[in-house]
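Visitor: Hey, could you walk me through this one? I'd like to start with the domains.
Guide: Sure, let's pull it up.

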Amino acid sequence: MNFPPLAAGGPVIPNFGGGSASFACERANHLFCWNWVSSNWSPILWPALRQHVVLTVIAVAIGFAISTGLALLAHRRHWVERPVIAVTAILYTIPSLAMFELLEPLPGLGLSRATAEVALVSYTLLILFRNTLTGLREVPDEVRDAAAGMGMSPRQILVRVELPLALPAIIAGLRIATVTVVALATIAALVCDEGLGVPILTAISNDVFKTELIAAGVLAVALALFADGLLVIVQRLLTPWMRARAA
Amino acid sequence: MHSAGQPTPQTGDSSLPRPHTAQSEGPSAFPQAAELELIHVEKRYPGQRQPAIPDLSLTVPAGEVCVLVGPSGSGKTTAMRLINRMIPLSGGDIRLGGESILKREPTELRKQIGYVIQQIGLFPHQTVSENIATVPRLLGWHSSRIEGRTRELLELTGLDAGEIGARYPAQLSGGQRQRVGVARALAADPPLMLMDEPFGAIDPINRVRLQDEFLRLQAQVRKTVVFVTHDIDEAIKMGDRIAILREGGHLAQYDRPEEILTNPADEFVAQFVGADRALKRLGLSTLAELELLAPNGRQPDENRLPVTATIRDALSAVLSAGGAPLTVVDGDGAVVGLATLELLGGLLKAGEPPER
């Protein structure tokens, strides 16, 4: 396999953790070594976490822009839906390991963050497109009829009525896409030297010391939960009517 | 009485049969209510041999309620939706306040026409106040003016502005939603209101209450109203004029309710208004309009009704009391007169229903 250059270089026994310090739990190769985590937080884990957030935010933002544009188009012109679904579904089903390796030889991509982002964006499209389109289509006909009957233009209907009413579906799509990207972005370490995938790959390659793997994995899971929670809060703030039910 | 049972032959091109009235440019400030004229209105859908509406002409005087009533397939909703250009006209013309609707941008026109549909279509993501403010906002009113108008309309439709205004539609009862729908349609004080089966989804008890409320409201605001229903009783109750449409979009009769009940234009109308049309006619007048017999010192008894009751209800009360005379009381409960079976029954004949 064509591994990218790793941040900390190859493992040197008995320094399993790859850092400069060497701790008792590290030498004894316990399953989890707290001392390693605390001494490697600033040089390894924290930068990796920040890079992971950046990778995720960029991918979801670009994916959201593309799929929202396509969904708005498909909302007006129905024939757009099928080809978009077909293409994005194929992208979605490409195994992620293969995706990064397939993109790498393409001109202009190579071993870069761009390659990672292209792959990550392609996984968000199907979910975001389908949710946004469904949200727009589920606006009740009578609501649209009333809006038009009161003199709103198609554009005003979209902005003032359809998009706000589609928000719950749109944010639901964003939640799934974000969690998916957080998980997949660990594999991005195959093509770019960024994110929580880097310490995970280091740990896999040294094969014995697992603390780095566990720490980075736990951080990825925590990040996914945090991002999901954040989007739940955003939805609550943006859609107060969803909580209003018959008193 | 117009009867358009036969399509009026159209002469020459589609030029309008009436001379032009005063032209006003742009979004003119309409009066509180405006006369509505449908002139040889025609609607054809592509790919259909029969027109949905072949040739419909009728005039609704300013401030009157015109009910379009008929069985399904009679084109009543289509006719209504032609007026605010939700459906494009195929032929003829429609004028509001003397001005052709075809001269105006559909979105501008619709802001001047109140619109209430059966499912109401309140915006679920907006509060009641925001819903009511829809058209004023589109018209770019000042927020203070919108706020005042919203409050006024909530009160006018019998809703508590403080309590209901901040709620979302999901938090309202069916009747409240209906009132908000009417308030929203009245927001910019349009000269014309279109109402498509506005009370159709409401249970019978609340429907009667909403109908009464709307009639009280209409007595205050005096809008020109086009009201669509399939229920002849509702048509008789709500309409100053009733247009009875039959299948194929033909106008069978357009007249005042008393006239339709007394002199149905043809067999179709007679059947549509029902065999009990003589009784229905009695439902149009109240005891107050009747010359009652002198009370001769009678005290109000079990069998009494207020003067505001309809003659139909009075007849029903007399019959259920085995023919005993009814004491009619005023608002304070004092007896103003007596109604006997002879007196009430005589009214059934007076209208001279046509012999069959």
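Guide: A term to begin with: domain bounds here come from an automatic or database domain assignment. This is a predicted model, where local features need pLDDT of at least 70, side-chain atom pairs count only at pLDDT 80 or more, and totals for chains, interfaces and linings use all residues. Residues are numbered from 1 along each chain as its sequence is written, with chains lettered from A and ligands numbered from 1 in the order in which they are written.

Visitor: OK, so what separates the centres of domain 1 and domain 2 of chain B?
Guide: Taken over C-alpha atoms, those centres are 34 Å apart. Domain 1 of chain B covers 28–281, and domain 2 of chain B covers 282–350.

Visitor: And how many residues does the contact take from each?
Guide: Seven from domain 1 of chain B and five from domain 2 of chain B, with contact meaning C-beta atoms, placed from the backbone, within 7 Å.

Visitor: Which element gives the most on the domain 1 side?
Guide: Helix 12 of chain B, with four residues. Helices (H or I, at least four residues) and strands (E, at least two) are DSSP runs, numbered from the N terminus.

Visitor: Switching topic: which order do the four strands of the open sheet in chain B have?
Guide: The order is 3-2-5-6, with antiparallel pairing; strands pair if DSSP finds at least two bridges between them. Strand 3 (53–60) and strand 6 (99–100) of chain B are at the edges with a single partner strand each, so one side of each has no neighbour in the sheet.

Visitor: How many bridges join strand 2 to strand 5 of chain B?
Guide: Five, between residues 36–43 and residues 91–96. Ile39(B) sits opposite Asp93(B) in strand 5 of chain B.

Visitor: Now the chain contact. How many residues come from chain A and from chain B?
Guide: 18 from chain A and 19 from chain B. On the chain A side, helix 6 of chain A gives the most, with six residues.

Visitor: Last one: at what angle do helix 2 and helix 7 of chain A cross?
Guide: Roughly 140°, and their axes come within 9 Å. The axes are lines fitted to C-alpha atoms, for helices over the stretch in contact, and angles run from 0 to 180 degrees between N-to-C directions. Among the contact residues are Ala59(A) and Gly63(A) of helix 2 of chain A, and Ala177(A) and Val181(A) of helix 7 of chain A.

Definitions and conventions: Contact = placed C-beta atoms within 7 Å.
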